[in-house]
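Please find below a colleague's note, set out as numbered points to be read alongside the model.

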Amino acid sequence: MQFLPGYSVLLVDEPGVQRLSDLPRGRRLSFLSDMDQLGEAVERACRRLDPAFRRVHLEILGNKDPFLHAHVWPRFEWEPAEAVGASVWLYPRDRWSEEQFRLGPRHDVLREAIGSELGQLRA
């Protein structure tokens, strides 16, 4: 869902890993480094494409899905007043399921910008 355009998820590339502590220290640091790079790429792309960009929230929760993953949430000035400063998870349920918020071709420019920023950060 893209009710916050640029939302991204980083997935672990090793089946069976459920939590960060399941990884050896070197792989943990690598996952956290990848999370950092994805967060910075989302921040750079969103800042460039939307002047109302505020910040990025990074989360590793593990409450629902049984595999290690990290959420990267861009946050914006145009968000509803009750959402600014609150957890993304408190957004109304319709934001999580309505067709208008699904990832689609209108997000291609932002997806390409995030990919480009990731490429620059990894170079």
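**Notes on charged pairs and the first strand**

1. Arg122 is exposed, with a relative accessible area of 52%, a value to be placed against the cut-off for exposed residues, which is over 50%. It should be kept in mind throughout that this is a predicted model.

2. Arg122 forms a salt bridge with Asp34, and the closest N and O atoms of the pair are 3.0 Å apart. Because Arg122 lies in helix α2 (residues 108–122) while Asp34 belongs to helix α1 (residues 25–49), the pair ties together parts that are 88 residues apart in sequence. Asp34, for its part, counts as partly exposed at 24% relative accessibility.

3. Which residues are linked in a network of salt bridges? The network is made up of Glu40, Arg44, Arg48 and Glu117, and two of its contacts are taken up in the points that follow. Across the model, the count comes to 12 salt bridges.

4. Within helix α1, the side chains of Glu40 and Arg44 meet in a salt bridge at 3.0 Å, N to O; being 4 residues apart in that helix, the two are separated by about one helical turn. Glu40 counts as partly exposed at 30% relative accessibility, and Arg44 is partly exposed as well, with a relative accessible area of 31%.

5. A salt bridge also joins the side chains of Glu117 and Arg48, again with 3.0 Å from N to O. This pair links distant parts of the chain, with Glu117 in helix α2 and Arg48 in helix α1, 69 residues apart. Is Glu117 buried or exposed? At 7% relative accessibility, Glu117 counts as buried, since the cut-off for that class is under 20%.

6. Turning to the strands, β1 (residues 8–11) has a covered face, formed by Ser8 and Leu10, and an uncovered one, formed by Val9 and Leu11. In a regular strand the side chains alternate between the two faces of the sheet. Strand β1 pairs with strand β3 (residues 69–76) in the antiparallel sense over 4 bridges, and the bridge partner of Leu10 in β3 is Ala70.

7. The uncovered residues of β1 return in a surface feature: Val9 and Leu11, together with Phe67, make a nonpolar surface patch of about 250 Å². Phe67 is found in the loop between β2 (53–59) and β3, and at 34% relative accessibility Phe67 counts as partly exposed. That value can be set against the patch criterion, which asks for over 30% relative accessible area.

How values were computed: Residues are numbered from 1 along each chain as its sequence is written. This is a predicted model: local features need pLDDT of at least 70, side-chain atom pairs count only at pLDDT 80 or more; totals for chains, interfaces and linings use all residues. Side-chain values use heavy atoms; hydrogens and water are left out. Buried means under 20% relative accessible area, exposed over 50%, partly exposed in between (1.4 Å probe, protein chains only). Two strands pair if DSSP finds at least two bridges between them. Patches are made of residues with over 30% relative accessible area and no salt bridge: like charges are joined within 9 Å, nonpolar side chains (Val, Leu, Ile, Met, Phe, Trp, Tyr) within 5 Å. Accessible areas come from the Shrake-Rupley method with a 1.4 Å probe; for residues, only the protein chains shown count as cover. A salt bridge is a side-chain nitrogen of Lys or Arg within 4 Å of a carboxyl oxygen of Asp or Glu.
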